[in-house]
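Student: I would like to go through this model with you, pockets included. May I put some short questions as we look at it?
Tutor: Certainly; please begin wherever you wish.

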Amino acid sequence: MNHKIQVTYEDGGGLRSLPLTLHLKKCITAALCAEKVGAPCEINVLVTNDSSIRAINRAYRQVDSATDVLSFPMFQFRPGALPEDLSPYLDPETGLLPLGDMAISLEHARRQAEQFGHSLQREVGYLTIHSVLHLLGYDHVDEGEMKRQMRAREEAICAQIDLKR
């Protein structure tokens, strides 16, 4: 499937990296395949730092703190139950399904990788998959079934692409 994945680096000190871009695209594609998204998609990714993600969090969610990843879905899909006919959702000019945007703080991801004792590659991959699932309707607003469902999908997708803890 030919997805349009636009990765933008808000450079706070050498963030730009071809290996990172390829890793993000691999994780996004794996999540879309695992969720059986049957249309070419468009997703925009901003790789940034804590101060920028804090500003975005404050502006869009009224939360004045840095975070690891933010997701801005274009549509309100049901988790694990995309409509069979996605044609009403496609951009008529591009023919793509515009799923939305995500922002990842590489600074935050580095700290979390260290805290959890795994690689930065694993942490960024996990956060990317997590964000794609949000774009597809998954959420974890409670500690109940929705969170368990999302965590199970995240771990299954990470395992498919060998992102070990």
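Student: How do the residues of the lining of the largest pocket divide by class?
Tutor: In this predicted model, the lining of the largest pocket divides into 11 nonpolar, nine polar and seven charged residues.

Student: What volume does the largest pocket have?
Tutor: The space in the largest pocket comes to about 600 Å³.

Student: And which residues are closest to its centre?
Tutor: The lining of the largest pocket has 27 residues, and those closest to the centre are Val69, Ser71, His130, His134 and His140.

Student: Which elements give two or more residues to that lining?
Tutor: They are strand S3 (69–73), H3 and H4. The largest share comes from H4, with six residues.

Student: Since H3 and H4 have come up, at what angle do they pack?
Tutor: Helix H3 (residues 106–116) and helix H4 (residues 120–135) pack at about 120°, and their axes are 8 Å apart. Their crossing is right-handed.

Student: Which residues make the contact?
Tutor: H3 contributes Leu106, Ala109, Arg110, Gln112, Ala113 and Phe116, while H4 contributes Leu120, Glu123, Val124 and Leu127. By class, seven residues of this contact are nonpolar, one is polar and two are charged.

Student: Back to pockets: what is the volume of the second largest?
Tutor: The second largest pocket has a volume of about 160 Å³. Its lining includes Gln6, Asn44, Tyr60, Phe72 and Asp101.

Student: Which elements give two or more residues there?
Tutor: Strand S1 (4–9), strand S2 (41–48), helix H2 (50–61) and strand S4 (97–105) do so. By class, the lining of the second largest pocket has seven nonpolar, three polar and one charged.

Student: Changing topic, how many salt bridges are there?
Tutor: The count comes to eight salt bridges. One of them joins arginine 54 and aspartate 64, whose closest N and O atoms are 2.9 Å apart.

Student: Where in the chain do arginine 54 and aspartate 64 lie?
Tutor: Arginine 54 is in helix H2, and aspartate 64 is in the loop between H2 and S3. The two are 10 residues apart, and the pair links distant parts of the chain.

Student: Why can such side chains pair?
Tutor: Side chains of opposite charge can do so when their charged atoms come close.

Key:
Residues are numbered from 1 along each chain as its sequence is written. This is a predicted model: local features need pLDDT of at least 70, side-chain atom pairs count only at pLDDT 80 or more; totals for chains, interfaces and linings use all residues. Side-chain values use heavy atoms; hydrogens and water are left out. Axes are lines fitted to C-alpha atoms, for helices over the stretch in contact, and angles run from 0 to 180 degrees between N-to-C directions. Helices (H or I, at least four residues) and strands (E, at least two) are DSSP runs, numbered from the N terminus. A crossing is left-handed if the near helix is turned anticlockwise from the far one by less than a right angle, and right-handed if clockwise. Contact means heavy atoms within 4.5 Å. Ala, Val, Leu, Ile, Met, Phe, Trp, Tyr, Cys and Pro count as nonpolar, Asp, Glu, Lys and Arg as charged, and the others, Gly among them, as polar. On a 1 Å grid over the protein atoms alone, a cavity is a set of points where a 1.4 Å probe fits but cannot get out, and a pocket is an open set with protein on both sides within 12 Å along at least five of seven lines; lining residues have an atom within 4 Å of a point. Grid points are joined across faces, edges and corners, and a volume is the space filled by probe spheres set on the points. A salt bridge is a side-chain nitrogen of Lys or Arg within 4 Å of a carboxyl oxygen of Asp or Glu.
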